[in-house]
Amino acid sequence: MLAFNAGAEQERMQQILPYLDKVTIQRKLPGTIVFHLTEAVPTYFVEIDNLTRYVVLGADMKVLEIREEKPADITMISGLGEPEAVPGQRLKVEDEALAASVQDLVARLQQAGYEEVNWID
């Protein structure tokens, strides 16, 4: 129990379980570990592999899953080039400033009351 590294375990869990948004681990001696988990919410998707697969992303652009069916009811993002997608990791794009601008735009639209944005190009 004393050798347990909560920080390393938090990172490992978020890598192997992409749908975990936040993980907080507390040690309570003598022998209890408490996990606080928050589920990631699918927020965006991008098309990859010549439009044959789709990458589902959380609000922080973390890759939640790669699938063959087009997601419904979340915002499609296009114009990011051919991103590198690994579940559990942040989507890697050529222009990180563009990805940050997309996140900022969606946040501002939501603040203004636009809750259903279907496509950002």
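Biologist: In this predicted model, is Phe45 buried or exposed?

Modeller: A residue counts as buried when its relative accessible area is under 20%. Phe45 has a relative accessibility of 2%. Phe45 is therefore classed as buried.

Biologist: What is the geometry of the aromatic pair formed by the rings of Phe45 and Tyr54?

Modeller: The structure holds 1 aromatic pair. Tyr54, at 10% relative accessibility, counts as buried. The ring centres of Phe45 and Tyr54 are 5.9 Å apart, and their planes stand at 70 degrees. Planes over 60 degrees apart meet the cut-off, so the pair of Phe45 and Tyr54 is edge-to-face.

Biologist: Is Phe35 buried, partly exposed or exposed?

Modeller: Phe35 lies in strand β2, which spans residues 32-39. Together with Ile33 and Leu37, Phe35 forms a nonpolar patch on the surface, with about 250 Å² of accessible area together. The relative accessible area of Phe35 is 39%, and the class between 20% and 50% is called partly exposed. Phe35 is therefore partly exposed.

Biologist: Which elements give two or more residues to the largest nonpolar core?

Modeller: In soluble globular proteins, nonpolar side chains tend to be buried together. The largest nonpolar core here has 17 residues, and those touching the most other members include Val46, Val55 and Leu57. The elements that give two or more residues to this core are β3 (44-48), β4 (53-57) and α2 (96-111).

Biologist: How many residues make up the other core, which has Ala40 and Val56 among them?

Modeller: This core lies apart from the largest one. Leu64 and Met76 are also among its members. The number of residues in this core is 7.

Notes:
Residues numbered from 1 in each chain as written. Predicted model: local features only at pLDDT ≥ 70, side-chain atom pairs only at ≥ 80, totals over all residues. Heavy atoms only, no water. Patch = residues over 30% accessible without salt bridge, like charges linked within 9 Å, V, L, I, M, F, W, Y side chains within 5 Å. Areas by Shrake-Rupley, 256 points an atom, 1.4 Å probe, with all protein chains shown as cover. Salt bridge = Lys/Arg side-chain N within 4 Å of Asp/Glu carboxyl O. Helix = DSSP H or I, 4+ residues; strand = E, 2+ residues; numbered from the N terminus. Buried < 20%, exposed > 50% of the residue type's maximum accessible area, 1.4 Å probe, protein only. Core = buried A, V, L, I, M, F, W, Y, C linked by side-chain atoms within 4.5 Å. Phe/Tyr/Trp six-rings, centres within 6.5 Å; stacked < 30°, edge-to-face > 60°.
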